[in-house]
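Morning, everyone. I have one structure to walk through today. Please look at the screen.

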Amino acid sequence: MPGIREIRRLPWSAAQMYALVADVGRYAEFLPWVVATRVKSDSESEMIADMLVGFKAIREKFTSRVEKVPGQRIEVHYVDGPLRDLDNLWLFTQLADGGCEIDFSVDFTFRNAVFEKLAGQYFDRAFRKMVSAFEERAQQLYGSSNSSAQSVA
């Protein structure tokens, strides 16, 4: 299963970044290619959500089950959609300076091996664009800090 991982040190707290990532209902406001989201159920520990993603005339709906450990971890499990499999993992670690470290990974498998090979060529760029969108959203919501974001992986 192809995948990608990024570890980032950010100037915001683990609780702030967890809250931003867990707020799936607002993804369409800031994430590229996310057209709409619908949270079907939500509790402190689990969420079921649909996400409609699109690029030009292409639209696809994904359903995911999201396991949550507040302030620490978000694990996304693929339920239904156009892929064979898609798993995301977010780990949030509070740092002594008030910032946090985020460890984010995505693994995916397309139903069509040819499409997977084609999409894999662009996935790294799309992944980095999405990570940047989360950082930009944190800047809008929480403001700036003396430290700056750093990639450690």
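Let's start with one histidine and its neighbours. Leaving aside residues up to four places away in sequence, His 77 touches Thr 63, Ser 64, Arg 65, Glu 67, Leu 86 and Asp 87. Keep in mind that this is a predicted model.

Take Glu 67 from that list. Its side chain makes a polar contact with the side chain of His 77, at 3.1 Å. Now take Thr 63. In sequence, Thr 63 and His 77 are 14 residues apart. In space, their C-alpha atoms are 8.8 Å apart.

Is His 77 buried or exposed? The relative accessibility of His 77 is 18%. Buried means under 20%, so His 77 counts as buried.

Next, the strands. His 77 sits in strand S5, which covers residues 73-80. Which strand pairs with S5? Strand S6, residues 83-94, does so in the antiparallel sense, over five bridges. Within this pairing, Ile 74 stands opposite Trp 90 of S6. S5 and S6 form a hairpin, with two residues between them. Look at Gly 81 in that turn: its phi is positive, about 150 degrees.

Move along to S7. S6 and S7 also pair in the antiparallel sense. Here there are eleven bridges. Asn 88 stands opposite Val 106 in S7. Again we have a hairpin, this one with five residues between S6 and S7. Gly 98 lies in the turn, and its phi is positive too, about 95 degrees.

One general point about strands, for anyone following the side chains on screen. In a regular strand, side chains alternate between the two faces of the sheet.

Last topic: cavities. How many cavities of 30 Å³ or more does a search of the whole structure find? One. Its volume is about 80 Å³.

What lines this cavity? The residues are Glu 6, Arg 8, Leu 10, Met 17, Trp 90, Ile 102, Phe 104, Val 131, Phe 134 and Glu 135. You have met Trp 90 already, opposite Ile 74. By class, seven lining residues are nonpolar and three are charged. None is polar.

Where does the lining come from? Strand S1 (3-10), strand S7 (100-110) and helix H2 (113-142) each supply at least two of its residues.

To recap: His 77 is buried, with a polar contact to Glu 67. S6 pairs with S5 and with S7. The cavity lining includes Trp 90. Thanks, and over to you for questions.

Note on methods: Residues numbered from 1 in each chain as written. Predicted model: local features only at pLDDT ≥ 70, side-chain atom pairs only at ≥ 80, totals over all residues. Heavy atoms only, no water. Helix = DSSP H or I, 4+ residues; strand = E, 2+ residues; numbered from the N terminus. Buried < 20%, exposed > 50% of the residue type's maximum accessible area, 1.4 Å probe, protein only. Contact = heavy atoms within 4.5 Å. Polar contact = N/O pair within 3.5 Å; in protein donor to acceptor, adjacent residues only side chain to side chain. 1 Å grid on protein atoms, 1.4 Å probe; cavity = no way out; pocket = protein on both sides within 12 Å on 5 of 7 lines; lining within 4 Å. Points joined across faces, edges and corners; volume = space filled by probe spheres on them. Nonpolar A, V, L, I, M, F, W, Y, C, P; charged D, E, K, R; others polar. Pairing = 2+ DSSP bridges.
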